[in-house]
Amino acid sequence: MPKPSHDRHLAKNAERRRQARRRADRNKKAALGVGGAIGIVLLILLGIALLSRNDEPTTAGGATPLPTVSSTGSAAPGPTQIGTVPPGVPATQEVACGAQVPAAADAAKPQFDRAPTPDEVLRKGTSYTAVVETSCGTIKIELDDKAAPQTVASFVFLAEQGYFDGQFFHRVVDSIDVVQGGDPTGAGNGGPGYSIPDELTGSEHYAPGTVAMANAGANTGGSQFFLVTGPRGANLDGNPAYTIFGTMTKGLDVATQINGLMATNDGSYDGAPTEAVYIDSVTIERSKTPSASPSPSPSA
């Protein structure tokens, strides 16, 4: 091949290579631009997804486990609400002691799949007092979580779910000086959806001021409880089948007044109060249990 033609051929090949490199560079830059845009879009979508995540624990049917407090003070999974029951209606519309029907009386009450455990509700080194506001006054109950931890845990749990608020005392009995409540239906056979075991010693004494669980047989307690207002509560001592879980420290006179709302006073009355007495609210007060002081060492 003559030299001029050879040089022109080399020059053309070099130019073609330069053009190919330019096209490759342009394609690479374009690809990087599209990939970067896609990457930015993906990051934005991922951020939205992360911000929109719902980490609420749910169970079948949309029910959510209700948080309780463990003995260490940290949140712990608790019983799951599985439904509600409509509120009951007292036998009479007249409210005792000049009071009004509380707003919570119209609220349905929750039902749960199981009882809470003491570890889920009670804290070590803590004492518990239930403050029961009624149509006729305040009743304070010192709860005995040492003798009846499962019963107290259940009562505290239900109180803090607003379970008792708006209920009414559905029964007064003069032969045993008892006022009974804790039934959301007011018919005498309602409960929270679960049962708790008896916590008995066999030597229970149902003295005035005693607060105990009602039941329909062994290990059938739930939410119904009774207040012993007078000495005839001791008539239950021969059948100590009712878990004692507290003592009234204030308001025994209020409970006695409620117990007096009977159509007869001949020792045979067992039924609804002649005037409606509501539980406006039950709140739980916690206080630290005083530590025992060390015993002095004997002197030499």
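Biologist: How many helices and strands does the protein chain have?

Modeller: This is a predicted model, in which local features need pLDDT of at least 70, side-chain atom pairs count only at pLDDT 80 or more, and totals for chains, interfaces and linings use all residues. Residues are numbered from 1 along each chain as its sequence is written, and side-chain values use heavy atoms, with hydrogens and water left out. Helices (H or I, at least four residues) and strands (E, at least two) are DSSP runs, numbered from the N terminus. The protein chain has 4 helices and 13 strands.

Biologist: Which element gives the most residues to the largest nonpolar core?

Modeller: A nonpolar core is a set of buried (under 20% relative accessible area, 1.4 Å probe, protein chains only) Ala, Val, Leu, Ile, Met, Phe, Trp, Tyr and Cys residues joined through side-chain atoms within 4.5 Å. The largest one has 42 residues, and Phe-164 and Leu-227 are among those touching the most other members. Elements supplying at least two residues each include strand S6 (137-143), helix H3 (149-160) and strand S13 (279-288). The top contributor, with 7 residues, is H3.

Biologist: Which parts of the chain does the disulfide of Cys-97 and Cys-136 tie together, and how far apart are they in sequence?

Modeller: A disulfide is a pair of cysteine sulfur atoms within 2.5 Å, and here the two sulfur atoms of Cys-97 and Cys-136 are 2.0 Å apart. Cys-97 lies in the loop between strand S3 (81-85) and strand S4 (109-112), and Cys-136 in the loop between S5 and S6, so the parts tied together are separated in sequence by 39 residues.

Biologist: Is Cys-136 buried or exposed?

Modeller: The relative accessibility of Cys-136 is 13%. Cys-136 therefore counts as buried.

Notes
Buried means under 20% relative accessible area, exposed over 50%, partly exposed in between (1.4 Å probe, protein chains only).
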